[in-house]
Amino acid sequence: MYRRAFLAAATAAGATLTAPSATQRRLGSADVDRLNAKLAAVVSMDNAYGGTVELQHHAAALAEETVRLQNTHTASSRIRSELYGVAAAFIASAMWAAIDGRRLKEAEPYLERAITLAGLANNRYILYRAWGHAGIMYRHLGRPADAIAAAEAARGISITRSDPFYASLAFARLGTFHADAGDTRASLRAIGLAQDSYDRADQAKNRPPWMGFYDQAELDSLATFANLRLGRWEAAERHAHRCLAGLRPDLERNRGLTYANLALAQLGQGDIEPAVESARTVAPDMARRGRVGGLLDSFTKQLTAVAPHNEATAAWHEHRRAA
């Protein structure tokens, strides 16, 4: 299913760039628009299916094609800056796909490339995105201090002062990283600041497509992660339910993450049957991929330890084998 959808989207947006002709031409806004359409397709596929290997390699290839396009044609400084920004966004998408798929060793080299290209573009928005992804990468690498530093770097970029929407996401991620470090006070304070910033933001303002995932549901998803790490099971369950109530239907990966987190929150409260039911709600094509699969593996281990002889546990193991 994913492969068919991926190929269709790649074809629709243009899977590769047209090879340059022997005679140089001048690049213009039409080239930027065409590449931005490809970027929107990459973001859409990530929202639907998560960080697959195919998406990672596709985004990385588009970044390098964009850089080669610059080196074989002429352009104004404005167009060059915009094209470097698109290339940086493609690399950031490749980085995110690798992180989401837990291919962390593959993700790390993309960070330097994304920051370099964002610097060439003088693009604060992509720099913000790169540091935001870096924080999550460091979190999964078990480097909480680096994760916090990356989140602070993202929060320190000027766009968070001019637009509280960006500040909200930076604070929400910072809250999860402080939770990883076991700092309850700092974590809950950051989540509170994330909500305050979100409430002040202009929700209708035009922003890059890669920010399209962030809304109240995503804020609640991040708050769920933070409260789970802090062992605040009831608060985690409350945020998970609120996330699911507001989650857009196209964000299938996020739905899988939230149901997996809901299952963990319910299990933490000793609610075995509801926890198993929540875990079973995760779509089969999501249940063994990337972060969703990792969360369900963790759920399986905890469920087996807490209730090894429960009928619901046996049913879950059977479901997991059949998935």
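Select Asp-220 to begin: leaving aside neighbours within four places in sequence, Asp-220 is in contact with His-239, Arg-242 and Cys-243, where contact means heavy atoms within 4.5 Å. Asp-220 sits in helix α11, residues 216-229; helices here are DSSP runs of H or I with at least four residues, strands are E runs of at least two, and both are numbered from the N terminus. Is Asp-220 buried or exposed? Its relative accessibility is 0%, so Asp-220 counts as buried. The cut-offs are under 20% relative accessible area for buried, over 50% for exposed, and partly exposed in between, with a 1.4 Å probe and protein chains only.

A word on what you have open: this is a predicted model, in which local features need pLDDT of at least 70, side-chain atom pairs count only at pLDDT 80 or more, and totals for chains, interfaces and linings use all residues. Residues are numbered from 1 along each chain as its sequence is written, and side-chain values use heavy atoms, with hydrogens and water left out.

**Tyr-214, in the loop before α11**

Now select Tyr-214, in the loop between α10 (184-200) and α11. Tyr-214 has a relative accessible area of 3%, so this residue is buried. Show its surroundings and, not counting residues within four places in sequence, you will find contacts with Phe-165, Ser-168, Leu-169, Ala-172, Tyr-198, Leu-219 and Leu-222. Which side chain shares a polar contact of 2.6 Å with that of Tyr-214? The partner is Ser-168. A polar contact is a pair of N or O atoms within 3.5 Å; within protein, one must be able to donate a hydrogen and the other to accept it, and residues adjacent in sequence count only if both atoms are side-chain atoms. For a sense of scale, draw a line from the C-alpha of Tyr-214 to that of Leu-303: the two are 89 residues apart in sequence and 31 Å apart in space.

**Arg-320, in helix α16**

Jump to Arg-320, which belongs to helix α16, residues 311-322. Its relative accessibility is 8%, so Arg-320 counts as buried. Turn on the side chain and look for the backbone oxygen of Ala-287, which lies 2.9 Å from a polar atom of the Arg-320 side chain. Ala-287 is also among the residues that Arg-320 contacts beyond four places in sequence; the others are Arg-288, Gly-293, Leu-296, Asp-297 and Thr-300.

**Ala-88, in helix α4**

Next comes Ala-88, in helix α4, residues 77-100. With 0% relative accessibility, Ala-88 counts as buried. Leaving out residues up to four places away in sequence, Ala-88 touches Ala-114, Leu-117, Ala-118 and Ile-126. Try another distance here: the C-alpha atoms of Ala-88 and Ala-263 are 36 Å apart, with their positions 175 residues apart along the chain.

**Two loop residues with positive phi**

Follow the chain to Arg-102, in the loop between α4 and α5 (104-121). What is unusual to look for in the backbone is its phi, near 60°, a positive value in a residue other than glycine. Arg-102 is partly exposed, with a relative accessible area of 42%.

Then select Asn-122, in the loop between α5 and α6 (124-140). Phi of Asn-122 is near 55°, again a positive value in a residue other than glycine. With a relative accessible area of 68%, Asn-122 is exposed.

**Ala-245, in helix α12**

The last single residue is Ala-245, in helix α12, residues 233-246. Its relative accessible area is 69%, so Ala-245 is exposed. From its C-alpha to that of Asp-100 the distance is 23 Å, and the two residues are 145 apart along the chain.

**Zooming out**

Finally, clear the selection and view the whole chain. How many helices and strands are there? The count is 16 helices and zero strands. Along its principal axes, the C-alpha trace spans about 75 × 40 × 35 Å. Buried residues make up 54% of the 323 residues. Of the contacts with a separation of 6 or more, 69% are between residues 24 or more positions apart.

Switch on the surface, and you are looking at about 14,200 Å² of accessible area, 53% of which belongs to carbon and sulfur atoms; the areas come from the Shrake-Rupley method with a 1.4 Å probe, and for residues only the protein chains shown count as cover.
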